[in-house]
Amino acid sequence: MARSGLAGAARVARWADAALGPGRDGATADGKATLSDATAERAARDLGLTPAQVRADWDTARLAGLIEVHGDTARPGWRLRAWDRDDSAVLRGWVALFDAWSLAHPEPEEHEPAAVAEVVSAMPQVLSFLQLSAGPVPVPQLLDLLQQRVTELRTERCEVDYVSRPHHSGGPPADGPRDDVSRAPGARPGLGTEPRRPRPAPAGPAVADAPLEPLLDWALRALASVGALTYGDGQATLTPLGSWAVWVKLEQICVAAQSPAGNIEQGAEDMLRGCGRLRPNAARAEYRAWLAARPVGSAVTELIDAARGEDALLRGLAFEALRVVGAPAEPEVRAVLDEPTLRPYALLWLAEHDGADPEDAHEVLTREEATWLWVDTAAAVADHGEAPLLVRHLESAVQPTVPALLNEVRAVGHPRTVQVLVALAAAHPDPALAKAVRRAAFQVHTGG
């Protein structure tokens with residue numbers, strides 16, 4: 001269903017990828033890969049569509065992440081690249097469109113923006129009710145639920161203290177929070193996970209008296225336009241795809257609410273530090289909760305930034321969290337292959353992502369990369385582990401003997417080599433081996 005619903009958007013996105021790329025003849029006259037009038041007309045001719053259909057499919061492709069627009073440049077998103085081989089990319093694209101239903105089908109201009117914002121905020125509860133009903137629901141019943149939820153929202157909003165100067169009108173205070181209640185471009189209302197919008201002022205008489213029936217009609221038509229439900233004959237029913245999406249949203253909310261270590265509100269670095277004290281299964285649960293509470297794109301960027309820091313433990317944990325992310329992290333992981341600090345971790349992540357057994361994934365590393373990773377892991381153990389664990393770490397080296405390991409460790413040039421060797425010498429119970437390791441540390445320190 002998702003592939004069928006997004007087929008037109010995928011077709012326009014592929015056309016744009018082929019026709020509008022840098023240096024191609026299909027670029028627009030000003031050299032910018034944007035959908036100008038001329039481009040829309042050319043796409044319509046090439047695809048056998050009308051310009052209006054092309055623009056509609058283009059907008060859907062943007063909302064679904066098949067096309068990413070950066071300033072005046074458009075480029076294919078990772079979901080388009082993964083479209084033919086990854087069903088999860090298709091489903092994520094459709095969920096993104098589902099989240100953006102109010103942008104996919106803009107509301108009529110005659111409605112008060114504040115009333116529209118209230119209905120958008122209330123629709124997650126309406127969708128949850130439709131999902132629990134598992135069948136057609138009469139529109140009057142949905143209207144009653146919507147009215148109840150809007151009343152609750154207005155009550156909650158009026159509990160906020162407003163500091164105002166004396167005023168004589170019946171409208172909102174002249175001072176206090178002043179907000180733009182219109183939705184910003186790109187905002188994607190979701191099921192209980194809407195982007196944080198400015199809080200509107202208390203509803204004035206015009207908003208409070210605004211009839212909700214036409215707004216509910218608009219919302220249901222908008223959700224029908226993205227394939228989330230069917231609407232007609234005075235009732236609405238979630239499609240199987242819409243029911244699945246609502247269930248996924250509810251599951252995400254539950255996962256986010258069950259953060260075992262309470263790190264869900266922390267930044268990536270602090271969250272990873274907290275997970276360093278957890279067992280692997282508990283850490284993965286924490287990663288899932290943390291990821292469920294934020295957009296996947298910004299979460300991946302945060303984890304990559306944390307991995308670039310000096311703490312080797314956070315580097316390893318960041319890539320464990322990226323394993324929980326899965327396919328959406330692939331473009332950013334590939335992008336760090338040229339960074340020596342992250343390359344071994346990225347190669348292992350990509351090998352496992354492509355289906356390699358985790359125990360065999362290390363075979364993708366060169367000898368130098370494996371040695372660098374050994375030193376980096378030893379640095380994490382030295383900083384956060386116990387001496388016996390550092391001694392046991394010797395067994396994981398690819399080199400058959402300690403002298404061979406020391407020679408290659410000295411050559412690989414890891415910035416923590418001296419500290420690792422000193423810590424290993426202090427921890428090892430064999431005096432002769434400890435002496436050899438100290439000598440290697442001294443040679444690295446003096447450049448010998």
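Two strands are said to pair if DSSP finds at least two bridges between them. With that in mind, the tour may begin; the model shown is a predicted one.

**First stop: the sheet**

Please select β3 (137-138) and β4 (229-232), the edge strands, each of which pairs on one side only. Add strand β5 (residues 235-238), which pairs with β3 in the antiparallel sense over 2 bridges. Together they form an open sheet of 3 strands in the order β3-β5-β4, with antiparallel pairing.

Now display individual residues. Val137 has Ala236 in β5 as its bridge partner, and Pro138 stands opposite Gln235 in β5. On the other pairing, β4 and β5 are joined in the antiparallel sense over 4 bridges; here the bridge partner of Gly232 in β5 is Gln235. The hairpin of β4 and β5 has 2 residues between the strands, and Asp233 there takes a positive phi near 55°.

Which side chains of β5 are buried? Show them as sticks: Ala236 and Leu238 point to one face and are buried, whereas Gln235 and Thr237 point to the other face and are not.

**Second stop: the helices on the sheet**

Return to the strand pair β3 and β5, with its 2 bridges, and bring the helices into view. Helix α8 packs on the sheet and touches β3, β4 and β5, its direction making about 75° with that of β5. Helix α11 also packs on the sheet, where it touches β4 and β5; its direction makes about 135° with that of β4.

**Third stop: where the two helices meet**

Select helix α8 (residues 113-133) and helix α11 (residues 213-225), whose axes come within 10 Å and cross at roughly 60°. Because of this angle, α8 is oblique to α11. The crossing in which α8 passes α11 is right-handed.

To inspect the contact, colour Ala115, Val116, Val119, Val120, Met123 and Leu127 in α8, then Leu215, Leu216, Trp218, Ala219, Leu220 and Leu223 in α11, which they meet. By class, the contact of α8 with α11 has 12 nonpolar residues, no polar and no charged ones.

**Last stop: Ala306**

Finally, move to helix α15 (residues 296-307) and select Ala306 within it. Is Ala306 buried or exposed? Its relative accessible area is 7%, under the 20% limit, and therefore Ala306 is buried. Not counting residues up to four places away in sequence, Ala306 touches Ala268, Glu269, Leu272 and Leu314. A distance to display is that between the C-alpha atoms of Ala306 and Ala318, which are 12 residues apart along the chain and separated by 6.8 Å.

Notes:
Residues numbered from 1 in each chain as written. Predicted model: local features only at pLDDT ≥ 70, side-chain atom pairs only at ≥ 80, totals over all residues. Heavy atoms only, no water. Axes fitted to C-alpha atoms, helices over the stretch in contact; angles between N-to-C directions. Parallel < 35°, antiparallel > 145°, perpendicular 65-115°, else oblique. Left-handed = near helix turned anticlockwise from the far one by under 90°. Contact = heavy atoms within 4.5 Å. Nonpolar A, V, L, I, M, F, W, Y, C, P; charged D, E, K, R; others polar. Buried < 20%, exposed > 50% of the residue type's maximum accessible area, 1.4 Å probe, protein only.
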